[in-house]
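The exercises below concern the sequence and structure shown here. Each task is followed by a solution in steps.

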Amino acid sequence: MRGFALLYLQFKALLKKNLLLSWRNKRATFLQLFSSLFFIFLIFCIQKSTDAQNANTTAYQVVRDPKPLMAPAIPPCEDKFFVKLPCFDFVWSGNESQTIGRIVRAIRENNPGRPIPESKVKSFSTTGEVDEWLSNNRMHVPGALHFSEVNASVISYGLQTNSTPLAKRGEFEDPTLKFQIPLQIAAEREIARSLIGDPNFRWTVELKEFPHPAMETLSAIALVGPTFFLAIAMFSFVFQIGSLVSEKELKLRQAMTMMGLLDSAYWLSWFTWEGTMTLLSSLFITLFGMMFQFDFFLNNNFAVVFLVFFLFQLNMVGFAFMLSPFISKSSSATTIGFSIFIIGFFTQIVTINGFPYSDTFSQALQNVWSLFPPNLLAQALKLLSDATATPEDIGVSWSRRTKCAPNDEECVITINDIYIWLVSTFFVWVVLAIYFDNIIPNASGVRRSILYFLRPGYWTGRGGKEKEGGICSCIGSAPPLEHITPDDEDVLEEENLVKTQAREGAVDPDVAVQIRGLAKTYPGSRKIGCCCKCKKTSPYHAVKGLWMNLAKDQLFCLLGPNGAGKTTAINCLTGITPVTGGDALIYGYSIRSSVGMSKIRKIIGVCPQFDILWNALSGQEHLELFSSIRGLPPPTIKSVVQKSLAEVRLIEAAKVRAGSYSGGMRRRLSVAAALLGDPKLVILDEPTTGMDPITRRHVWDIIESAKKGRAIILTTHSMEEADVLSDRIGIMAKGRLRCIGTSIRLKSRFGTGFIANISFTGSNNGLSPPNGDAVATTYQQESVKQFFKNVCCTVPTDLNILSSFKELASHLSFTFSASGCGAKGGEQSFLDFCHSS
């Protein structure tokens, strides 16, 4: 399968993988979709609190025919904010006049709805006495009346109140309306009745405000909405970066690439999945806002509001993709997300206060400011909130999205302009994400050149040369690798054979892999770090020229100590690491050609040294995913997966998540994944690590049966495993091939000789060693060594072995209790060989 059909198959499999991972991680998915309910509820509480503060005023209402307010009564002094007890409703001066005393008594008794007790009023003779009392008793009375009887027909009065407005628990106190006017009306009423002489004289005073439009209310959405909606988007932002970086960190993407994954399918699957999650999240935000009856959501057009949230969150998805190549640890995703949130919080505050979307700032500054997505969200919410700030505002309809709101006096950007910015910057982030993904080193330290897109080969499918090291590192030239003639005759013969075939262009139909002087050198570099410090690394030759043929239908076992270059050689063959020198042909395709490598990946299967699995996916789901990536026909995938699971004895655990597998079960699953799709070349890097002996033997049987029709490269540290499985064995040390041949050939060359085990008794036949008992054991060991050196100077046979032990018994001056002799095995030969190298 190839072309669009393969792209669609891989896309569908990866989309299913993302769905399963999200379903298994229900907590994170729930936060992505429904965190908006919590934040919108908080906005609702803030809005209700604001409305409660404004409940006693008509300033935020449209008043065309104001209702009259009847003369208010004198309130009790306890109603005044921050009053000190004991308190008085009012104090008065002029108590020397009986007429004024009757007027004050009438004020107390005729107070509408609440006669004032005499104890709540205090009298003085003069205004000076009142001022002195007020000075010494602050906050004990809201007001004072000063009466003066000029003559029988003229009574004057003065009014004294504190005009400072106060606020308490979100409510404001207007002393003029609350205390001054009631005292004034009561004094004038009772003075008029006293002068007229009619205690029932009706004195009616009505207060009426001017008709007025509604003031713009303080919108909670405009005030805290940008921060809260940014917090909603940050959940998806952090989870998205964490998912992308974890796949890179755990080399999951690298493993899928080795199986033939197309980059286009990988990115398309992630964009589709995150776009779907963003669509649902934005829909829930809009519906929750309408459910809480916000004018912002009810009066503005549904599509206008929905698109603001959808395009913003989609823009943040692209922003997350763009940042992910710079992050190497998934644990850093939360830190990055929090940093973005803090920066966005402060820039949104600045945006809400008018910067830079006004005529006083340049267009260039506005363009730069609009590159950061949270700023566009803050401005969009401000525009839509202002469009529904009063009951008379009709909001923004779909047809008016390109126009400014009627009450927007300083309009420099419209909702449609914000749409265009969000869409265009989204594509900018996507392009930068793909670009940075290519030029930033991956988990193996490999990247493309900075101007890789200018190479014609990149667009024609022939790829481009890959590099190593960071962008800020200066790669030095590696010293040339000197050719050293192999000491081993078999290695030299193999090298000459491959060179002859390469020089003559001869093609051996029985050869699956031909390695031609494969070399890998990690060059020294100078990396500029923080504080202008320069970190220098020395070049390292990991593989120093391999020449060998690997035959079809055979298993080649590659042995060597840690650091010998085995895994590096495999990484070169699979395209994970670019080669420094030489080449390798796998079924005729060169690993140095990007076209050849793309064809090689379709015919090879790899079991890495470390298991590359998703803990949340089951064994069956892993194999179904890998089968789709390899391009197996969809109708055959289920049967192939079931057969593979049966071969590695994982049928019963097929639907168990891989995170619950033991180490041996995970290795078996990796082996099954490597054998999917009937690859022509299978590379198994220590496949039986962590397995119990029974399971190891079973996997050996699987590998043995898999040799038919394909070539297998196996790396191991077990000589027993090499003896059982291999047709040929190669031993590497320090980057070079030290010996090659069949197991029997290696034993005959490097495993000659016998191992004699001798145990000594405590008796020395009554004789003392030269230096006393303290060195008895050393004396015995040296005597045995000297005997075998003098006597066993020829290749031993079964006959002279027995006679040698008899001669040893008669020759030595001490006795030994037990002896044993055995042929030197392959394991011991391998150890000796590694030590000698």
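**Exercise 1: a strand and its sheet**

Strand β23 (residues 736-741) is mostly covered, with 5 of its 6 residues buried; buried means under 20% relative accessible area (1.4 Å probe, protein chains only). The model is predicted, so local features need pLDDT of at least 70 and side-chain atom pairs count only at pLDDT 80 or more, while totals for chains, interfaces and linings use all residues. Residues are numbered from 1 along each chain as its sequence is written, and side-chain values use heavy atoms, without hydrogens and water.

Task: Determine how β22 and β23 are joined, and in which order the strands of the open sheet lie.

Solution.
1. Strands (E, at least two residues) and helices (H or I, at least four) are DSSP runs, numbered from the N terminus. Two strands pair if DSSP finds at least two bridges between them.
2. Strand β22 (residues 728-733) and β23 run antiparallel and are joined by 5 bridges. M732 has L737 in β23 as its bridge partner.
3. The two strands form a hairpin with 2 residues between them, and K734 in the turn has a positive phi of about 55°.
4. On to the parallel pairing: strand β16 (residues 555-559) is joined to β22 by 4 bridges. Here F556 stands opposite R728 in β22.
5. The order of the 6 strands in this open sheet is β19-β20-β21-β16-β22-β23, with mixed pairing. Its edge strands, β19 (604-607) and β23, each pair on one side only.

**Exercise 2: a threonine in a helix**

Task: Is T286 buried or exposed, and which residues does T286 touch?

Solution.
1. T286 lies in helix α8 (residues 263-291).
2. The relative accessible area of T286 is 1%, so this residue is buried.
3. The side chain of T286 reaches the backbone oxygen of S282 at 3.0 Å.
4. Not counting residues up to four places away in sequence, T286 touches F297, F302, V305, F306 and F309; contact means heavy atoms within 4.5 Å.

**Exercise 3: helix packing and the core**

Task: Describe how α6 and α10 pack, and state which helix gives the most to the largest nonpolar core.

Solution.
1. Two packed helices are described by the angle between their axes and the distance between the axes. Axes are lines fitted to C-alpha atoms, for helices over the stretch in contact, and angles run from 0 to 180 degrees between N-to-C directions.
2. Helix α6 (residues 220-249) and α10 pack at about 35°, with axes 9 Å apart.
3. The residues that meet include F229, M234 and F237 in α6 and F309, M316 and F319 in α10.
4. A nonpolar core is a set of buried Ala, Val, Leu, Ile, Met, Phe, Trp, Tyr and Cys residues joined through side-chain atoms within 4.5 Å. The largest has 134 residues, and those with the most contacts inside it are F229, F237, F296 and F626. Helix α10 (residues 302-323) gives the most to this core, with 16 residues.
5. Beyond its neighbours within four places in sequence, F237 is in contact with M316, F319, A320, L323, G337 and I340.

**Exercise 4: a second sheet**

Task: What is the strand order of the 4-stranded open sheet, and which helix touches β12 and β15?

Solution.
1. The order is β15-β12-β17-β18, with antiparallel pairing. The edge strands are β15 (540-551) and β18 (589-590).
2. Strand β12 (residues 511-522) and strand β17 (residues 581-586) are joined by 5 bridges, and I515 stands opposite A584 in β17.
3. Helix α16 (residues 489-504) packs on the sheet and touches β12 and β15, its direction making about 75° with that of β15. Helix α17 (residues 566-574) also packs on the sheet, touching β12, β15 and β17.

Notes
Buried means under 20% relative accessible area, exposed over 50%, partly exposed in between (1.4 Å probe, protein chains only). A polar contact is a pair of N or O atoms within 3.5 Å; within protein, one must be able to donate a hydrogen and the other to accept it, and residues adjacent in sequence count only if both atoms are side-chain atoms.
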